[in-house]
Amino acid sequence: MDRKDLEEKYGIDLWDDQTRQDFRETLLAWYDQEKRDLPWRQTKDPYKIWVSEIMLQQTQVATVIPYYEKFIQTYPDIKSLAESNEDDLLRLWQGLGYYSRARNMRQAAQQIMEDYGGHFPKDPKEIKKLKGIGPYTSGAIASMAFDQAEPAVDGNLMRVLARVFEVDLDVKKSSNRKVFEALTKEIIDPDRPGDFNQAMMDLGATISTPKNYNPELSPIKEFDQSYLNDTWRRYPVASSNKKAKKEVYLALLVKDKDGDYLVEKRPAKGLLANLWLFPIINLEDLKQASQDPESWQVKQGALQEVLDQDQVNQVQAYFKDHYHLPSQFNQQVQGQVSHAFSHLNWSIYLLEGQVDSGQAIPDQCEWLSPDQREAYAFPKVQEKIWETYFNPSLF
DNA sequence: TAGCCGTGGCC
DNA sequence: TGGCCAAGGCT
């Protein structure tokens, strides 16, 4: 995609050389005055910039900072990350979300050790080959760590550009990103590409925000076509999100005679991969196996607080099937937990059960002593279940 | 391509 | 409360 495409196919009015120069100067002067003081802005170490960029994916700056500091202390360089233990790494990442980011980073660090002699690659095409690094992160590292004039197009940058150039493309549609990349290439400052990208992002994060945007406050308003034409309320064009699917689960809090609880390491792929969770049953699975699916009907958004003996028998049969342990579950439901993922809404009912000690358990399971919780990487939903279980008032 | 993949904050 | 949003990438 070139200038001609941008102008003819997408109706974007590009700037002449002088305007482009003026824009760079205005934007970077603002950035030099107002840029946020962030830990990863103290360095040009590609490793540290990489760590920060991965953590910042779909995650707010304030959330990232403490995780970043701890990460750099624990894994100060590529080699230490490549040699890390995945369970340790996930424990450090616990609570940050999108856990595949951590596992991909570890794999990428090993790639760098093997394929690049432990030196972070400089070529954007090589950078993008690393696991977990896409077009945005590749451009961010190339421009910030290696001063290459590469676009780093994230949500901020698309929003800013959509407003400045009145771009009528859906910024939620990933295929449109290439248009914003081409546009960025046209205006990026070749002398300060990393600062240019970060200035655009800072502008999007602090002034050209999704909500409560006031173009009067923008340092680049005189370059902003939608401000000059008073069309800024139309931009950016963004399609709406899909609704999260509702799912209902039973969480099984299975205690042995020593007071330990059964926890299970989740599969290596999919939701919360390789993290630890109490055994959970999707209510749909239980319904399908049941002679009386109606008994599991969730009425007015809630399961009954006391199960009948037949339902308990079904749970025990399911548990025997999947975990090969004879068990005794209580009829009383111990509490209810709601947890929202980006694409799922879970409603979880807590059911307590007992098994005899000393029996063999499946490979991916362990007995968890309540005082050893810090030894495992747990997702938030597990913490919520735990808290609710020990605080019955929350039901 | 579109669905999957977490969590917290905001209104 | 529910929907949107936050320095995206993988499949």
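## Domain record and model

An unreviewed UniProt entry lists residues 55–206 as "domain: HhH-GPD"; such annotations may be inferred rather than shown by experiment, and UniProt positions are given here in the numbering used for this structure, with feature names shortened. The span 55–206 is 64% helix and 0% strand, and its end C-alpha atoms lie 19 Å apart. Helices (H or I, at least four residues) and strands (E, at least two) are DSSP runs, numbered from the N terminus.

This is a predicted model, in which local features need pLDDT of at least 70 and side-chain atom pairs count only at pLDDT 80 or more, while totals for chains, interfaces and linings use all residues. Residues are numbered from 1 along each chain as its sequence is written, chains are lettered from A and ligands numbered from 1 in the order in which they are written, and side-chain values use heavy atoms, with hydrogens and water left out.

## DNA strand C

A residue is near a strand if one of its heavy atoms lies within 4 Å of it. DNA strand C is surrounded by 28 residues, and Glu-53, Asp-154, Asn-156, Arg-159 and Pro-210 are the closest. Of the atoms of DNA strand C that come within 4 Å of the protein, 68% are sugar and phosphate. The surface near DNA strand C has 10 nonpolar, 10 polar and eight charged residues. In these classes Ala, Val, Leu, Ile, Met, Phe, Trp, Tyr, Cys and Pro count as nonpolar, Asp, Glu, Lys and Arg as charged, and the others, Gly among them, as polar.

The side chain of Asn-156 has an N or O atom 2.3 Å from a phosphate oxygen of DNA strand C. For Lys-172, a polar side-chain atom is 3.0 Å from a phosphate oxygen of this strand. Trp-40 has a polar side-chain atom 3.1 Å from a base nitrogen of DNA strand C. Helices H3, H9, H10 and H12 are the elements that give two or more residues to the surface near this strand.

## DNA strand B

Around DNA strand B there are 21 residues, the closest being Tyr-99, Leu-272, His-339, His-343 and Lys-380. Sugar or phosphate accounts for 64% of the strand B atoms within 4 Å of the protein, and bases for the rest. Eight nonpolar, 10 polar and three charged residues make up the surface near this strand.

An N or O atom in the side chain of His-339 is 2.8 Å from a phosphate oxygen of DNA strand B. Two residues lie 3.5 Å from a base nitrogen of this strand: Gln-60 through a polar side-chain atom, and Leu-96 through a backbone N or O atom.

## Pockets

On a 1 Å grid over the protein atoms alone, a pocket is an open set of points with protein on both sides within 12 Å along at least five of seven lines, a cavity is a set where a 1.4 Å probe fits but cannot get out, and lining residues have an atom within 4 Å of a point. Grid points are joined across faces, edges and corners, and a volume is the space filled by probe spheres set on the points.

The largest pocket has a volume of about 1,600 Å³. It is lined by 40 residues, with Gln-58, Thr-59, Asp-154, Gly-155 and Asn-156 closest to its centre. Helix H12 gives the largest share of this lining, five residues.

The second largest pocket has a volume of about 510 Å³. Among its 21 lining residues, Leu-96, Gly-97, Tyr-98, Tyr-99 and Phe-341 lie nearest its centre.

Note on methods:
A polar contact is a pair of N or O atoms within 3.5 Å; within protein, one must be able to donate a hydrogen and the other to accept it, and residues adjacent in sequence count only if both atoms are side-chain atoms.
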